[in-house]
Structures are given as structure tokens and as C-alpha cells.
Amino acid sequence: METRVANHAKGKVYVDKLLGTGMAAKQATIQYGKENVIDASMGAITDDNGTLICLPTVEEQLRTMPIQEMIGYSPVGGLPRFLEAAIKHTFGEFTPDAYICAVASAGGAGAISNVIWNYSNVGDAILTHDWYWTPYTTICKETGRQLKTFNLLDTEMKFNLRSFSSMVKSLLLEQDSLVIILNSPNHNPTGYSISDSEWDEIKSMILEEAKDSSKTITLVIDIAYIDYTKNPLSARAFMKKFSKLPSNIVVTFAFSMSKGFTAYGQRTGALIGVSSSKSVIEEFENATLVTSRARWSNVNRGCMNILANIYNDNILLKKVNSEREKYNMLIVDRAEVFIKEANQIGLKILPYHAGFFITIPCDQPEDVSNRLITEKIFVAPLSKGIRVAACSVPVSQMYGLAAKIQKAIVMSDTVKL
Ligand SMILES: Cc1ncc(COP(=O)(O)O)c(C=O)c1O
């Protein structure tokens, strides 16, 4: 095969397994009718008719916005009203006592990519949990970093502090900068949320390591699903813990409008930096601005305006929160049906607190997924399990799904033996 790309780009092939599954599900829906197909692959909220939903107030804002406010350029760092709103939304009542700065990004993915670029060196390892959102590894590979993992869960299905500490310690022996990505609450793909006391343990562990001032530890907290917790207000309580930390611990939040405001394709988010040092946060802003200018220049003005407008008007904010709550309850109902049945038949699932997805661990995810496809059930195969998107499967189709998955796993295991 003729190759013309530069050396660093050789051999790159983009494989989007999820998109493939999603397309196959759509094809099956056309062929067999949507009532005969279960599409549990999609990471977006659909109503019980399978239609992608948009929070009505978000839609209204978008449709009534003056065209110039939609199509115009915006500052590289984002509209100031948006940045203020993004900070308010992220922290709620739990703003850390620290210097805080937000820089707009192309979604949460852009925020994560920017922090990895500026807070690690080429060749460095980036640390995250073993169950993780695949783009983390894509971002690392693309930027010459390598993603390493610790075990998210221990044998009691709680945050595995031991595995986390041992990876942090060993990586800090090899490198001076360590970027750690933690996706909580309502982690993708499991639905796990790190508890407040687990955050305390994580914080003490990092504080201990940060006693060596030659090291810089950067926490990236991926909060893409935070608004789908049972109590979105108290879900933010842990954020206050990042007050007055030593200046060699930089805490960042990847804020995204994709899920919380159903603005998936609008590509709007922000990287929010938190530090006890004014100069560290000024440096954060400068470095992030330059990377943003180099990567995407500026982000979607219309979508930034939506958030700013919502946070400028208490009535709009209340409406958005109650619209989201309605869809959150829909997800809760769907997840409850699945989990109850899974428990009844003894199907092991990973701890689910809330959020879009439920994960079932299994040995041969691809095989299990293929077996389910023959029954017109489409799930996302992961490396160590399969993921069911509670956000997009109607309640009626949740009944019996756990048993079908269990059967596919048993058949797959039997053939392997
Ligand atoms: C774990 C996780 N983090 C972040 C995101 C952010 O996505 P976006 O770039 O659309 O904001 C997603 C979206 O699927 C996700 O699943």
C-alpha cells in the first residue's frame, strides 16, 4: 500500500466499533421494524419511541436566537458570560476556595485533550481506570502519550485505592508530571460514582505524593454525566475538597454540554482549572488558550449563548433542570427494570449508581455482542464486558433483556470450554 503520511502518522486507522454497532442497529431497525430491534448501543437519550430528545428549553433557545449570535466568531477562550455560567454550573454550591479559570473547548473531549497536551510530556504515561471511555486512549496515542490503567474496583466493588496508589507511586518514580483522569460521577461505561469518602482517600494519597515539590500531579475530573445523578446538587459536594491544595497539584474539570444540555453535536464544553496559586492558574489559561487557538480557534457561539442565557434567567434554569429531571427519571426507570431482573437471575453487573450506561463483565465481549445481534439486540462490546445504554432503550424493551444477555454469555462461555 502506498504511504505518503509523515512517519508519526503511519499506520493510523480509525476504528469506531460503537459507530459500527450503531449503524448495524439502524439498518436492522429499517429492515425489521423498531419494535423488533433493541438498540442499546447509543450514548444519547432517546424517548420511548426511539427519538433522540433535546431538552425543550435548549431547543427553544436555539430556535429563537438571533442568527448573528449563532454564526459569529467568539473569543478563543469562550464568551465571558458562558465561562461564568460554566463555572457556576460545574461547582453549584461547592466552588473550591482557589483560583479558578475556565477556557472553552470543543466538548469534554476537547477539554481532556487540551489538558493532556499541556500537563504531560511526549512519551509520558497518563493514568486512568481500567474501565474507561475509549477516546482517552485515542487522545493519548495521537499526542504521543500512552494510557496506563489501574483497577477501578476492588473485590468489594468499591474504588480500588490500593491499585490507584500503586500506579500513581510507580509512575511518579519515572516521570515528573502525572496526569490522572477520573470519570465520576456516573462513570462511562459502568455507572459507578466515587463517594465523598473515597475522594477523601484519593486526595490524601495525592497530597502525600505531592510532598515532593519536583512533581506535578494534574487531576482531570471528567464530569460529563454529573447532571444525571439522583441528586445533582450534592453530587458536586466533593469539589469543595479541592480548596487550598499545594500548587503542584492542579485540578481540572472537563465540563461538557453534550449530555447535561443534550447538545451532543454542538461541540461545546470547557476546561476548568483550579489552583491555589495565581500564577499557576494564569499559566493554565495562557497554555490552554494557545492550544485552543491552534486546534479549533473558537467554539460554537450559539451553544455558548444557550448556557449563558439559561444561567442569566432563573426561570429558564429551573425549567431546564426540571426537563432534565424528567428524562433522568426515564433512565432510572429503565435501569431499575434491568438491574432488578439481573439480580433475580444472578447476572453479574458492575456497580451502577446512575447515568447512561450499565456494564456487564464477560470474557468474550465481541462474541457475546455478535450472539445478541442474531437476536436483533445491539450492545456496545468493550474490552472486558458489554455495555447497555439505559439512556436509549425503552422501558418495554428492558424487560427480559438481562435474561437474553445472560443466555448469550453462557453460550459464549460454553463454546469457549
Ligand atoms: C466519559 C465521557 N467523557 C466525556 C464525554 C464528552 O463528550 P463530548 O466531547 O461530546 O463533550 C463523553 C461523551 O460521550 C463521555 O462518555
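## Exercises on a predicted model

By the distance rule used here, the count of disulfides comes to zero. Keep in mind that this is a predicted model. Let's work through it.

### Exercise 1: The cysteines

**Task.** Work out why Cys54 has no bond to the closest cysteine sulfur, and find out whether Cys54 and Cys391 are buried, partly exposed or exposed.

**Solution.**
- Step 1. Recall the cut-off: a disulfide needs two cysteine sulfur atoms within 2.5 Å.
- Step 2. Look around Cys54. The closest cysteine sulfur belongs to Cys303 and is 9.4 Å away, so that's too far for a bond.
- Step 3. Now try Cys391. Its nearest cysteine sulfur is the one in Cys54, 15 Å off, and Cys391 is in no disulfide.
- Step 4. Check the accessibility. Cys54 has 29% relative accessibility, so it counts as partly exposed. Cys391 has a relative accessible area of 0%, so it is buried.

### Exercise 2: Aromatic pairs

**Task.** Find how many aromatic pairs the whole structure holds, then classify the pair Tyr225 and Phe357.

**Solution.**
- Step 1. Searching the whole structure turns up 15 aromatic pairs.
- Step 2. For Tyr225 and Phe357, the ring centres are 5.9 Å apart and the planes make 75°. Planes over 60 degrees apart count as edge-to-face, so this pair is edge-to-face.
- Step 3. Place both residues. Tyr225 is in the loop between strand S6 (216-222) and strand S7 (249-256), while Phe357 is in strand S9 (residues 357-361), so the pair ties together parts 132 residues apart in sequence.
- Step 4. Are they buried or exposed? Tyr225 comes out at 5% relative accessibility, so it counts as buried. Phe357, at 2%, counts as buried too.
- Step 5. Try another pair, Phe238 and Phe242. Their ring centres lie 6.2 Å apart with planes at 90°, so this pair is edge-to-face as well. Both Phe238 and Phe242 are buried.
- Step 6. Zoom out a bit: Phe238 and Phe242 belong to one aromatic cluster that also takes in Phe91, Trp199 and Phe253.

### Exercise 3: Charges over rings

**Task.** Find which ring has the charged end of Arg324 over it, and which has Lys376 over its face.

**Solution.**
- Step 1. Start from Arg324. Its charged end sits over the ring of Phe261, 5.0 Å from the ring centre.
- Step 2. Go on to Lys376, which lies over the face of Tyr32, 4.5 Å from the centre of that ring.

### Exercise 4: The sheet and helix H5

**Task.** Put the strands of the seven-stranded sheet in order, and say which strands stand at the edges.

**Solution.**
- Step 1. Trace the sheet across. The order is S2-S8-S7-S6-S5-S3-S4; the sheet is open, and its pairing is mixed.
- Step 2. Look at the ends. Strand S2 (99-105) and strand S4 (146-150) each have a single partner strand, so one side of each is left without a neighbour in the sheet.
- Step 3. Add the twist, which averages 25° from one strand to the next.
- Step 4. Pick one pairing: strand S5 (residues 177-183) runs parallel with S6 over seven bridges. Here Ile181 stands opposite Val220 in S6.
- Step 5. Bring in helix H5 (residues 107-119). H5 packs on the sheet, and the strands it touches include S2, S5 and S6; the helix direction makes about 160° with that of S7.
- Step 6. Finish with Ser113, which is in helix H5. At 12% relative accessibility, Ser113 counts as buried. Leaving aside neighbours within four places in sequence, Ser113 is in contact with Ile139 and Arg295.

Conventions:
Residues are numbered from 1 along each chain as its sequence is written. This is a predicted model: local features need pLDDT of at least 70, side-chain atom pairs count only at pLDDT 80 or more; totals for chains, interfaces and linings use all residues. Side-chain values use heavy atoms; hydrogens and water are left out. Rings of Phe, Tyr and Trp (its six-membered ring) pair if their centres lie within 6.5 Å; planes under 30 degrees apart count as stacked, over 60 as edge-to-face and the rest as tilted. Helices (H or I, at least four residues) and strands (E, at least two) are DSSP runs, numbered from the N terminus. Buried means under 20% relative accessible area, exposed over 50%, partly exposed in between (1.4 Å probe, protein chains only). A charge sits over a ring if NZ of Lys or CZ of Arg is within 6 Å of the ring centre and within 35 degrees of the ring normal. Two strands pair if DSSP finds at least two bridges between them. Axes are lines fitted to C-alpha atoms, for helices over the stretch in contact, and angles run from 0 to 180 degrees between N-to-C directions. Contact means heavy atoms within 4.5 Å.
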